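This briefing is meant for someone meeting the structure for the first time. It takes up one topic after another, and it can be read with the model open alongside.

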Amino acid sequence: MTALLQLTDQFNPLAQTFRVTEPGGSVLTGVGIFFQRAPAVGEEQLPITLELRPTVNGTPSATRFIPGTRVVATAAAIRAIASETFSSSTEYKFTFKEPVYVPANVEMSIVLATSGKVGHYKVWSGTQGQHVSGSTTKLVTKDLNSGVLFRSSNGTVWTGDQTSDLAFKIYRAKFRFQFNVAYMEVDTPPLKSLTENT
């Protein structure tokens, strides 16, 4: 885990916790979020920000985020992929500025925030017992085993919803294990006269 940065902006965020379950952990490179709506052309075009935060005592950190994971998307970019039906939606991929190593069984939080008006951005989520989008018979019956959806009005106090989850994808790095050889040459250090005789 890398160092944490202090937050400077506290919008009205939405968060989703998740747990890395791969043995040895994972190197995460980005997050895909499924949007149902973005600001229309005539509306205020404020961006939306995604970042990873540590999860503290089961809730997203109110004061810190993981460096390199704060990514901003424009309203136009989200509008281009937003879809009124989940079955035809594609995610917007927030690619981190640098990969982030997360150890196994560590809980993290995806946090989305915007200073846009309420309703300008909408994301797809699922709630147990409610109908699947586009269906009048099929119900959501499973949730994300280790995650909780959180809402906040000030970015510091969070309210969890145990029955709902954000629709998202986590991207992780894949490494090719190959043997390489590096040859190092030792530089001869310059001569230096001693100034004291001890």
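Arg172 counts as partly exposed, because its relative accessibility is 47% and therefore lies between the 20% limit for buried residues and the 50% limit for exposed ones. In this predicted model, the side chain of Arg172 meets that of Glu22 in a salt bridge, with 3.2 Å from N to O. The pair links distant parts of the chain, since Arg172 belongs to strand E16 (residues 168–172), while Glu22 sits in the loop between strand E2 (14–19) and strand E3 (26–33), 150 residues apart.

**Salt bridges**

- Side chains of opposite charge can pair when their charged atoms come close.
- In this model the count of salt bridges comes to seven, one of them being the pair of Glu22 and Arg172 described above.
- Glu22, like its partner, counts as partly exposed, because its relative accessibility is 26%.
- Another salt bridge joins the side chains of Glu43 and Arg37, at 2.9 Å from N to O; Glu43 is partly exposed at 27% relative accessibility, and Arg37 is partly exposed with a relative accessible area of 23%.
- The side chains of Glu51 and Arg53 also meet in a salt bridge, at 2.9 Å from N to O, and here the two residues are buried, Glu51 with a relative accessible area of 5% and Arg53 at 2% relative accessibility.
- Glu51 and Arg53 belong, together with Arg70, to a network of linked salt bridges.

**The surroundings of His120**

- His120 is placed in the loop between strand E10 and strand E11 (122–123).
- Is His120 buried or exposed? With a relative accessible area of 8%, His120 is buried, because this value falls under the 20% limit.
- When neighbours within four places in sequence are left aside, His120 is in contact with Arg37, Ala38, Pro39, Glu43 and Glu44, and this list includes Arg37 and Glu43, the two partners of a salt bridge.

**Nonpolar cores**

- Which residues touch the most other members of the largest nonpolar core? Among the 27 residues of that core, they are Ile33 and Phe94.
- The elements that give two or more residues to this core are strand E3, strand E5 (48–56), strand E8 (71–73), helix H1 (75–81), strand E9 (92–102) and strand E10 (107–113), and of these E9 gives the most, with four residues.
- Ile33, not counting residues up to four places away in sequence, touches Leu50, Glu91, Tyr92, Phe94, Ile110, Leu112, Val123, Leu166, Ala167 and Phe168.
- A second core, separate from the largest one, has six residues, among them Ala15, Ala62, Val111 and Val148.

**A three-stranded sheet**

- Strands of a sheet pair through backbone hydrogen bonds, either parallel or antiparallel.
- Three strands of this model form an open sheet in the order E9-E3-E16, and their pairing is antiparallel.
- E9 and E16 are the edge strands, each of them pairing on one side only, and the twist from one strand to the next averages 25°.
- How many bridges join E3 to E9? The two strands, which run antiparallel, are joined by seven bridges, and one pair of bridge partners is Gly30 with Thr95 in E9.

**Val56 in strand E5**

- Val56 has its place in strand E5, and it counts as partly exposed, because its relative accessibility is 42%.
- From C-alpha to C-alpha, Val56 and Ser109 are 9.4 Å apart in space, although 53 residues separate them in sequence.

**The protein as a whole**

- The secondary structure of the protein comes to one helix and 16 strands.
- Of the 198 residues in the protein, 37% are buried.
- The accessible surface comes to about 12500 Å², and carbon and sulfur atoms account for 54% of this area.
- If one takes the contacts between residues at least 6 apart in sequence, 79% of them join residues at least 24 apart.

Terms used:
Residues numbered from 1 in each chain as written. Predicted model: local features only at pLDDT ≥ 70, side-chain atom pairs only at ≥ 80, totals over all residues. Heavy atoms only, no water. Buried < 20%, exposed > 50% of the residue type's maximum accessible area, 1.4 Å probe, protein only. Contact = heavy atoms within 4.5 Å. Areas by Shrake-Rupley, 256 points an atom, 1.4 Å probe, with all protein chains shown as cover. Salt bridge = Lys/Arg side-chain N within 4 Å of Asp/Glu carboxyl O. Core = buried A, V, L, I, M, F, W, Y, C linked by side-chain atoms within 4.5 Å. Pairing = 2+ DSSP bridges. Axes fitted to C-alpha atoms, helices over the stretch in contact; angles between N-to-C directions.
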